[in-house]
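Hi,

Here is the structure I promised to pass on to you. Have a look at it first, and then read on for my notes.

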Amino acid sequence: MNMQNTGVMAPPSPRSLEGMALPLPMMRDILVKTMFRMNLTMVTQLARAVCLPVNVTQELVDLARGQLLLEATGSMSSSGSSEMGYQLTDAGRNRANDALKQSEYYGAMPVPLDIYREQIKRQSIRNIQITRDQLTTAMGHLILPPALISNLGPAVSSGRSILMYGPPGNGKSSISNGIRDALGDKIYVPRAIEYSGQVITVYDPIVHSSADDDEQDPNSLRRTTGRFDTRYVRCERPTVITGGELSLSMLDLVYNPVARTYQAPLQMKSTGGIFIVDDLGRQAEPPQSLVNRWIVPLEESKDILALQSGEKFEVPFDTLVIFSTNFHPNAIFDQAALRRIFFKIKIDGPSQADFLKIFALVARKKKMPLDERTLVHLLNNLYPQIDNVYANYQPIFLIDQMISICEFEGIPYQMNPDMIDRAWANMFVKEEEIVR
């Protein structure tokens with residue numbers, strides 16, 4: 001099987017209809033629906049549209065032809081090749097219409113759930129080993145204490161759940177993104193999977209970043225075949241980020257009653273990658289309820305989903321879940337829930353020395369000259385007002401404020417105590433009585 005130079009074993013192309021492990025009537029119906037909807041007549045075109053090798057597509061065409069759903073047109077390709085054309089018979093068009101009433105799905109053949117399980121094992125997030133250098137490089141834009149990298153490294157390499165907590169504005173979201181960047185390799189995401197005759201679409205261009213531009217469109221007629229099973233899209237490891245909008249219903253299969261197809265839930269789309277639950281405690285659902293929903297997946301590496309019929313089934317759960325919260329964990333979880341989260345990492349604000357490093361780094365990046373008198377004023381007169389509590393977001397906030405002042409006044413970038421006082425006033429809202 002082709003490794004594609006990613007370290008992840010590519011899914012092999014199916015060699016025959018029998019090897020597809022899909023119901024023959026389902027494959028036949030997808031073929032005639034695709035011909036009907038896309039007005040395709042050549043086997044090579046059909047092979048690209050249904051994401052199968054030409055020889056397997058020809059088997060399927062011969063099957064449909066034997067059932068009098070297709071007929072050879074006798075015409076050759078407009079490109080001058082000797083390829084035979086096919087068209088739907090009246091019975092074929094009727095079959096396509098009937099099949100579309102049952103499900104609007106057409107195009108790429110789905111991958112059976114059991115075969116998809118095997119691919120998940122080949123590209124498991126738990127197979128990843130991240131070195132200190134990789135993680136440090138991915139976090140290069142952040143000033144982090146060495147002890148934090150030492151705690152993050154084993155957590156990420158384990159592929160187990162992580163809870164990051166601490167005061168707001170100290171880069172928990174940026175660290176989550178840095179972890180994503182450290183992963184680096186590519187995996188294979190199915191366009192759709194099949195379970196119990198139902199199609200569940202998985203590939204989502206909003207979530208998944210295709211590593212091959214010519215494979216982004218499942219209906220593309222230019223996609224090359226043969227390198228791997230093109231029912232999959234070769235992608236960066238996915239990252240799903242949710243915040244205060246996350247609800248329990250978003251973790252269930254999404255049924256489209258018009259198309260009569262399913263869409264995979266968010267955690268399934270993040271398979272092989274990272275699922276970040278940001279701002280835990282800001283959702284309408286209690287944090288305890290959200291974590292309870294994750295208990296079985298986190299402990300048993302499987303999730304349980306339900307079809308419209310009520311039938312429940314297991315899918316692999318292969319995701320690095322990162323919870324991020326500004327609350328103390330003991331305030332939002334019971335101890336049983338906390339035990340289920342494998343790593344707990346506190347993200348504190350920077351020391352004064354690290355604050356100054358971040359301030360200088362941001363100033364240099366934004367071409368703002370440093371002024372010693374202003375920094376002394378900031379540290380000696382302003383920070384004592386908030387008990388010298390530093391946060392990672394503050395340097396960029398203060399410098400951006402001073403840049404705005406300079407640009408408004410039409411003067412070169414500069415800082416002075418008066419400007420930083422004005423910037424400071426915008427960083428906090430004073431507690432004062434509102435006159436009605």
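To start with, is Arg28 buried or exposed? Arg28 is buried, with a relative accessible area of 15%. Here buried means under 20% relative accessible area, exposed means over 50%, and partly exposed is in between, using a 1.4 Å probe and protein chains only.

Before the rest, a word on how to read this. The model is predicted, so local features need a pLDDT of at least 70 and side-chain atom pairs count only at pLDDT 80 or more, while totals for chains, interfaces and linings use all residues. Residues are numbered from 1 along each chain as its sequence is written, and side-chain values use heavy atoms, with hydrogens and water left out.

**Salt bridges**

Back to Arg28: its side chain meets that of Asp29 in a salt bridge (2.9 Å, N to O). By salt bridge I mean a side-chain nitrogen of Lys or Arg within 4 Å of a carboxyl oxygen of Asp or Glu. Asp29 counts as buried too, at 10% relative accessibility. Arg95 joins in as well, since a network of salt bridges links Arg28, Asp29 and Arg95. The structure holds 16 salt bridges, and two others are worth a look.

One of them is between the side chains of Asp303 and Arg293 (3.0 Å, N to O). This pair links distant parts of the chain, with Asp303 in strand β13 and Arg293 in helix α10 (residues 287-300), 10 residues apart. Both Asp303 and Arg293 are buried. A note on the names: helices (H or I, at least four residues) and strands (E, at least two) are DSSP runs, numbered from the N terminus.

The other is between Lys357 and Asp354, whose side chains meet at 3.7 Å, N to O. These residues are 3 apart in helix α13 (residues 352-365), so about one helical turn separates them. Lys357 is exposed, with a relative accessible area of 52%, whereas Asp354 counts as buried at 17%.

**Around helix α2**

Next, go to helix α2 (residues 43-50), where Val43, Leu46, Ala47, Ala49 and Val50 are buried. Why do they lie on the same side of α2? Because they cover an arc of only 165° around the axis, where the arc is that of the directions from the helix axis to the C-beta atoms. What covers these buried residues includes α1 (24-38), α3 and β2 (84-88).

Thr57 lies in helix α3 (residues 54-66) and is buried, with a relative accessible area of 0%. Leaving aside neighbours within four places in sequence, Thr57 is in contact (heavy atoms within 4.5 Å) with Val43, Leu46, Ala47, Val50 and Leu52.

Just after α2 comes Cys51, which takes a positive phi of about 60°. Cys51 is buried, with a relative accessible area of 1%.

**Cysteines**

A disulfide is a covalent bond between the sulfur atoms of two cysteines. Taking it as a pair of cysteine sulfur atoms within 2.5 Å, the count comes to 0 disulfides. Why is Cys51 not bonded to Cys235? The closest cysteine sulfur to that of Cys51 is in Cys235, and it is 13 Å away, too far for a bond. Cys406 is another buried cysteine, with a relative accessible area of 0%.

**Strands and hairpins**

Strands of a sheet pair through backbone hydrogen bonds, either parallel or antiparallel. Two strands pair here if DSSP finds at least two bridges between them. An open sheet is formed by 5 strands in the order β3-β6-β7-β11-β10, with mixed pairing. At its edges stand β3 and β10 (254-256), each with a single partner strand, so one side of each is left without a neighbour in the sheet.

Within that sheet, β3 (residues 111-112) and β6 (residues 192-195) run parallel, joined by 2 bridges, and Val111 stands opposite Ile193 in β6. From β6, 4 bridges lead to β7 (residues 198-201), and these two run antiparallel. The bridge partner of Glu194 in β7 is Val199. The hairpin of β6 and β7 has 2 residues between the strands, and Ser196 there takes a positive phi near 55°.

Finally, 5 bridges join β13 (residues 302-306) to β14 (residues 312-316), which run antiparallel. Lys302 stands opposite Pro316 in β14. These strands form a hairpin with 5 residues between them, and in the turn Gly310 has a positive phi of about 95°.

Cheers
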